[in-house]
Structures are given as C-alpha cells and as structure tokens.
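Colleague: Before I use this model at the bench, I should like to go through its backbone, its core and its ligand site with you. May we take the points one at a time?

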Amino acid sequence: MTTSSHPFSPSSKGAASPPGGADVPAQDLSLRTGVAASVVDQAILSRRSIRAFLDKPVADELILHLLEVASRAPSGTNTQPWQVHILRGAALQQLVEQALAAFDNPEVLAAQPKPYDYYPLKWVSPYLERRRKVGYDLYALLGIAKGDKEAMHRQHARNYAFFDAPVGLFFSIDRVLCQGSWLDYGMFLQSIMVAARGHGLDTCPQAAWLTVQGVVERFLDLRDDQALVCGMALGYARGDAVENRLETERVSARSFARFCEARAA
Ligand SMILES: Cc1cc2nc3c(=O)[nH]c(=O)nc-3n(C[C@H](O)[C@H](O)[C@H](O)COP(=O)(O)O)c2cc1C
C-alpha cells in the first residue's frame, strides 16, 4: 500500500489533535503566534484537490472531529447553515453504482433537476483561460489527448466514485437561506479541508455531483426544503497516482489586491 506524498503529515508538530468532538476547545485562544503561523500556513498550502485515494478507511470519530472543528467557521449571526450527509462502506458503494449508471445514461442525465448555477452561463476572460488550463493540465498528466471525449468522460466519471475515497460527504442548505449563508458555507467547507490536512487526510470538493443531483437527493432522502450544495471526497491520497501530481497556479496577491490610500479632500 502506498502512502500519501504530502509534506503535511499527521506527525507534523503541533498539527494533530485526537479525534472526538468533545476535545475541540471553542475558546482556546492561546495559540503561540510563531508556531501557529507555520502550522496554519502549511495546512492551507498543502491542501490540494486529490483525485485518487487509497483504500484505507477513516474512523467515524475522526470524520466527526473534522466536522466539529470546521463548525467553528464563522457564519452571519451564527446561523450555521450547514447540513452534512456522510457516506461510507455499503451506502457509499450503493450511491456510486447509481450515480455511475446515471452518468452513463444520457436519458437519465437529461432528466436530472436543474442545479443552481455554480458557473457563469457565459465564460469570459480571465476565468475561461484559468478553467481551460486546469483541465488541460489534468488531462496532460493523465495522458488524455485533446478531443478524446471517451477518455474525458471516463475521467469525469471518477467523480461519481468519489475518486475511490472511503468517505463521501454531501452538503445541503436550507432553501430559505440566502447568498450570505452560501458565503458562510464556503468557509465551513474550506475549514473541513484544512482540518483534514492536520490528520494526513485529503479532500476533493465536488460540484460534479450536481450533474446527478436527482440521484443524490433520492438516495439521501433529502427534504424538499434542502438544496444540494456540493459533494466532497475524503480519505488518504494515493502517492503513486499521476493525477495527484497536479499543481494548480494562482495569480499573486499583488495582482488581485491593492492597498487603498487616503484620498485628497
Ligand atoms: C466548490 C468546488 C467544487 C469543485 N468541484 C470539483 C469537481 O466536481 N471535480 C473535481 O475534480 N474538482 C473539483 N473542484 C476542484 C477545483 O478544480 C480545484 O479546487 C481548483 O482547480 C484548484 O486546485 P486545488 O484545489 O488543487 O488547489 C472543485 C472545487 C470547489 C471549490
């Protein structure tokens, strides 16, 4: 069995805390700045979207611990808009089979309910180029030639197996909640992914599940007042998988941020 090649392992100093919700200190503000800065930076920097996982289970207590930690994310007036649906073992397998069957059946796919618009209806620069680059880079690593639709379809289908992760998470939100709560939700999701790094775990957030939203809703028996936000694969990264070598670019802070100066009266 191959282990994760990530630099941020559970043995990283000060990173790990034992699983179990009760140990999460809500008011512990005592992190010493020097150590905390490097550990926190490293947890954030070592997070990447992982698209091949080991067949290695994650303890329920650890999953709950990550969710307890992430639930310390801020939310407007402490509304805490998150609802999490955890799948592993036989339940995960069952859903994966149904989702893959749906994805391979154009008629079933066409009959899926329309999800919320995650992406713009019309792509413009620079987002279009960034989106294309990440796709090309992933396919290049996997040796998928441009225009090889069959191979691209198969790679896309990997989403519906949670990339073989032992844990699949689904996130839903009460439909009465508004844009602000979706903003809160993003913070919660990132907190899960960063907390996971502290335990040597990896993740892939997945909007792909919206494509088979009807299958997911039915499987989860999701109430009508809940909207599916996204899915997330959680597990231990396969160090030998080429797709996990994908390193995505970022524009520098200086190009997307500016210091605003006082204006002349
Ligand atoms: C909400 C959300 C949904 C995403 N959906 C998918 C997905 O369905 N499948 C996938 O392979 N990657 C998905 N990604 C991963 C992005 O492609 C990835 O975050 C981006 O390319 C930057 O790479 P990095 O996460 O490795 O830093 C998603 C990311 C986010 C935040």
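Colleague: What is the phi of glycine 143, the residue that follows H5?

Modeller: This is a predicted model, in which local features need pLDDT of at least 70, side-chain atom pairs count only at pLDDT 80 or more, and totals for chains, interfaces and linings use all residues. Residues are numbered from 1 along each chain, in the order in which its sequence is written. Helices (H or I, at least four residues) and strands (E, at least two) are DSSP runs numbered from the N terminus. Directly after H5 comes glycine 143, and its phi is positive, near 70°.

Colleague: How far does H5 reach from its first C-alpha to its last?

Modeller: H5 covers residues 127-142, which makes 16 residues. The expected span is 1.5 Å times one less than the number of residues, here 22 Å. The model is close to that, with a reach of 23 Å.

Colleague: Which residue does a cis peptide bond join to serine 125?

Modeller: The partner lies in the loop between helix H4 (106-110) and H5. Omega of the cis bond is about 5°, and the residue joined to serine 125 is proline 126.

Colleague: Is aspartate 221 buried or exposed?

Modeller: Aspartate 221 is found in the loop between H8 and S4, and has a positive phi of about 55° although it is not a glycine. A residue is buried if 20 or more other C-beta atoms, placed from the backbone, lie within 10 Å of its own, exposed if 12 or fewer, and partly exposed in between. Aspartate 221 has 7 other C-beta atoms within 10 Å, so it is exposed.

Colleague: How does glutamine 80 count, with 15 C-beta neighbours inside 10 Å?

Modeller: Glutamine 80 lies in the loop between H2 and S1. Although not a glycine, it has a positive phi of about 50°. Its 15 C-beta neighbours inside 10 Å mean that glutamine 80 counts as partly exposed.

Colleague: How many of the residues of H1 are buried?

Modeller: H1, residues 33-45, has 13 residues and reaches 18 Å, close to the 18 Å expected. The helix lies largely in the open, because the number of its residues that are buried is 0.

Colleague: What is the bridge partner of aspartate 174 in S4?

Modeller: S2 is mostly covered, with 6 of its 8 residues buried. Two strands pair if DSSP finds at least two bridges between them; S2 is joined to S1 (residues 83-88) by 6 bridges and to S4 by 8, antiparallel in the latter case. S1 and S2 also run antiparallel. At the pairing with S4, the partner of aspartate 174 is glutamine 226.

Colleague: Which element supplies the largest share of the largest nonpolar core?

Modeller: A nonpolar core is a set of buried Ala, Val, Leu, Ile, Met, Phe, Trp, Tyr and Cys residues joined through C-beta atoms within 7 Å. Of the 45 residues in the largest one, Phe53, Ile192, Val212, Ala233 and Leu234 touch the most other members. Elements each supplying at least two residues include helix H3 (89-103) and helix H7 (179-197). The largest share, 8 residues, comes from H7.

Colleague: Which strand gives the largest share of the shell around the ligand?

Modeller: A residue is near the ligand if its C-beta atom, placed from the backbone, lies within 6 Å of it. Those surrounding the ligand include Arg48, Arg51, Asn159, Cys204 and Thr248. The largest share, 3 residues, comes from strand S3.
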